Amino acid sequence: MDDLIKEQPSVAVKLFYRMMEIRLVEEEIAKRYFEWKMRCPTHLCIGQEAIAAAVGMVLKEDDFMVSGHRAHGHYLGKGGDLKKMIAEIYGKVTGCSAGKGGSMHLIDKEKKFMGSTAIVGGTIPVGVGLGLSIKLQGKSQISCIFFGDGATEEGVFYESINYAALKKLPVLFICENNYYSVYSPLKVRQPASRNVCRLVESMGIHSGHGDGNNVAEVYRKVSESVRDIRNGHGSCFLEFTTYRWREHCGPNYDNNIGYRSEEEYKSWKERDPIALLESRLLEHGVISEVDIEKKEMDICQEISDAFTFSENSSF
């Protein structure tokens with residue numbers, strides 16, 4: 001993390017502010033969810049912001065992106081329109097899916113965010129298809145696919161990996177491993193000896209693993225993989241370990257229902273990706289407490305404007 005701050009301080013600051021934006025947006029969604037004006041299920045990525053922020057920073061505007069049910073951070077990381085996203089969650093016509101999709105079905109073709117879905121693994125073959133379209137047209141784009149560890153248990157994941165390897169497609173597979181599929185931990189879903197990165201590597205795709213709460217590490221690994229893909233080396237698969245703070249679906253905390261412990265949650269919260277980068281930026285003197293407070297105020301105003309816009313829009 002220190003290397004990024006020393007060598008690319010402006011990038012480190014942008015990553016910090018982008019993570020902050022995603023966090024503040026989702027915290028406001030959680031706060032307002034109890035007003036019953038957002039009538040769709042919402043899956044929050046609070047605690048996992050580093051991956052979305054870093055990937056979004058590395059990709060170009062014309063690169064494609066698809067995601068799953070926990071897509072808010074990915075959409076915002078890609079440069080998505082906050083007003084359109086909140087309006088979508090409110091079911092309004094001004095939403096990015098015209099109010100027909102809700103939280104789990106975001107699409108914004110102008111931003112090349114080509115869709116998210118509630119079906120686990122459902123957009124993986126879509127992202128591979130986008131990669132095929134890029135190759136057929138001879139373009140320099142990349143197709144990025146976000147999915148969780150649960151999606152690696154779906155048959156379509158392996159079919160898509162195989163096809164992407166066979167055709168050497170410009171696809172970046174990003175697995176956010178937060179250890180749980182709803183309430184089921186990895187140990188009851190996959191054998192302890194399984195290593196998804198090695199498995200994908202054996203199918204012909206360069207793979208890597210990283211700490212998803214270290215935004216500098218994510219940024220470096222994604223930058224390297226994107227460079228290789230653009231140089232014609234075919235697809236890349238990256239698995240990043242991370243942790244969601246709130247319940248699988250909804251605005252609450254759910255450590256009391258028994259599927260995970262308070263101690264586990266606290267240990268991950270101590271590795272808050274935003275706090276980790278913030279402390280290093282302050283220590284290096286790259287930003288000040290005043291800078292952070294001002295940026296937070298600006299973001300909060302944008303969030304307030306987005307909710308006002310959404311409330312005033314038509315269903």
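Here are a few notes on this predicted model, covering one helix pair and one loop arginine.

1. Start with helix 5 (residues 82-89) and helix 12 (residues 289-312). Their axes sit 8 Å apart, and the angle between the two helices is about 45°. Angles that fall outside the roughly parallel, antiparallel and perpendicular ranges count as oblique, so helix 5 and helix 12 are oblique to each other. As for handedness, helix 5 crosses helix 12 in a right-handed sense.

2. Now the residues behind that packing. Helix 5 contributes Leu82, Lys83, Ile86 and Ala87, while helix 12 brings Glu302, Ile303, Asp305, Ala306, Phe307, Phe309 and Ser310. By type, the contact between these helices splits into seven nonpolar residues, three charged and one polar.

3. Over to Arg260, which you'll find in the loop that runs between strand 8 (236-241) and helix 10 (262-269). Is Arg260 buried or exposed? Its relative accessible area is 4%, and the cut-off for buried is under 20%, so Arg260 counts as buried.

4. What does the side chain of Arg260 pair with? One polar contact, at 3.2 Å, goes to the side chain of Asp254. Another, at 3.3 Å, links the Arg260 side chain to that of Tyr259.

5. Leaving aside residues up to four places away in sequence, Arg260 touches Tyr180, Tyr243, Arg244, Trp245, Arg246, Glu247, Asp254 and Asn255. Asp254 therefore turns up twice if you're clicking through: in this list of neighbours and as a polar partner of the Arg260 side chain.

Key. Residues numbered from 1 in each chain as written. Predicted model: local features only at pLDDT ≥ 70, side-chain atom pairs only at ≥ 80, totals over all residues. Heavy atoms only, no water. Axes fitted to C-alpha atoms, helices over the stretch in contact; angles between N-to-C directions. Helix = DSSP H or I, 4+ residues; strand = E, 2+ residues; numbered from the N terminus. Parallel < 35°, antiparallel > 145°, perpendicular 65-115°, else oblique. Left-handed = near helix turned anticlockwise from the far one by under 90°. Contact = heavy atoms within 4.5 Å. Nonpolar A, V, L, I, M, F, W, Y, C, P; charged D, E, K, R; others polar. Buried < 20%, exposed > 50% of the residue type's maximum accessible area, 1.4 Å probe, protein only. Polar contact = N/O pair within 3.5 Å; in protein donor to acceptor, adjacent residues only side chain to side chain.
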